[in-house]
Amino acid sequence: LTPNIAAFVNVIWGTSIEGGNTRVPNRKVEYICKYPYPPSSSSSYGNENHHHYLPTSFLRNIIDEHGEENVMLLSQSVRNEACPIRVHVNELMKETDHNGIR
């Protein structure tokens with residue numbers, strides 16, 4: 001872990017891990033906490049623009065901006081198929097680029 005990531009983990013988990021990875025840039029950690037549920041076609045809102053729901057496109061934009069190797073999605077559990085982060089990741093896995101590559 002880089003020192004900044006270790007510091008973030010320590011705050012979240014109450015640990016005292018020391019970050020020793022100095023071979024890569026020690027980028028700052030940006031923590032975004034959002035209501036995790038995506039909108040669904042069966043919801044009373046039915047669109048991604050409603051402020052209460054987290055659109056998958058929000059996560060896609062973060063990944064596009066920072067690179068997939070620099071983004072971590074935290075979740076309590078992914079065992080349930082309806083887990084919000086699992087739903088988002090499954091939707092992201094369906095996307096393809098302009099060459100049709102996932």
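Here is a short chat between a trainee and a mentor about a predicted model.

Trainee: Let's start with charges. How many salt bridges does a search of the whole structure find?

Mentor: What counts is a side-chain nitrogen of Lys or Arg within 4 Å of a carboxyl oxygen of Asp or Glu. Arg60 and Glu95 meet that way, at 2.8 Å from N to O. Glu91 and Lys94 do too, at 3.0 Å. Searching the whole structure gives a total of 2.

Trainee: Take Arg60 and Glu95, whose side chains meet in a salt bridge. How many residues apart in sequence are the parts that this pair ties together?

Mentor: Look at where each partner sits: Arg60 is in helix 2, while Glu95 is in the segment after helix 3 (84-94). The bridge therefore links parts whose separation in sequence is 35 residues.

Trainee: Is Glu95 buried, partly exposed or exposed?

Mentor: Buried needs under 20% relative accessible area and exposed needs over 50%. Glu95 comes out at 27%, so the label is partly exposed. Its partner Arg60, at 29%, is also partly exposed.

Trainee: Now the other pair. Which helix do Glu91 and Lys94 both lie in?

Mentor: These two are 3 residues apart, about one turn of the helix. Their side chains meet in a salt bridge at 3.0 Å, N to O. The element that holds both is helix 3.

Trainee: And is Lys94 buried or exposed?

Mentor: The cut-off for exposed is over 50% relative accessible area. Glu91, at 34%, is partly exposed. Lys94 has 53%, and therefore counts as exposed.

Trainee: Over to Thr2, in the segment before helix 1. Which residues is Thr2 in contact with, leaving aside its neighbours within four places in sequence?

Mentor: Thr2 has just 6% relative accessibility, so it counts as buried. With those sequence neighbours left aside, the contacts of Thr2 are Gly19, Asn21, Val24, Pro25 and Asn26.

Trainee: What about Asn10: buried or exposed?

Mentor: Asn10 is part of helix 1. Beyond its neighbours within four places in sequence, Asn10 touches Thr15, Ser16 and Ile17. Its relative accessibility is 17%, and under 20% means buried, so Asn10 is buried.

Trainee: Last one, on the surface. What accessible area do the residues of the nonpolar patch have together?

Mentor: The members are Val11, Ile12, Trp13, Val29, Tyr31, Met72 and Leu74. One of them, Val29, lies in the loop between helix 1 (3-13) and helix 2 (56-66). Val29 is partly exposed at 35% relative accessibility, and the patch as a whole comes to about 780 Å².

Technical notes: Residues are numbered from 1 along each chain as its sequence is written. This is a predicted model: local features need pLDDT of at least 70, side-chain atom pairs count only at pLDDT 80 or more; totals for chains, interfaces and linings use all residues. Side-chain values use heavy atoms; hydrogens and water are left out. Patches are made of residues with over 30% relative accessible area and no salt bridge: like charges are joined within 9 Å, nonpolar side chains (Val, Leu, Ile, Met, Phe, Trp, Tyr) within 5 Å. Accessible areas come from the Shrake-Rupley method with a 1.4 Å probe; for residues, only the protein chains shown count as cover. Helices (H or I, at least four residues) and strands (E, at least two) are DSSP runs, numbered from the N terminus. Buried means under 20% relative accessible area, exposed over 50%, partly exposed in between (1.4 Å probe, protein chains only). Contact means heavy atoms within 4.5 Å.
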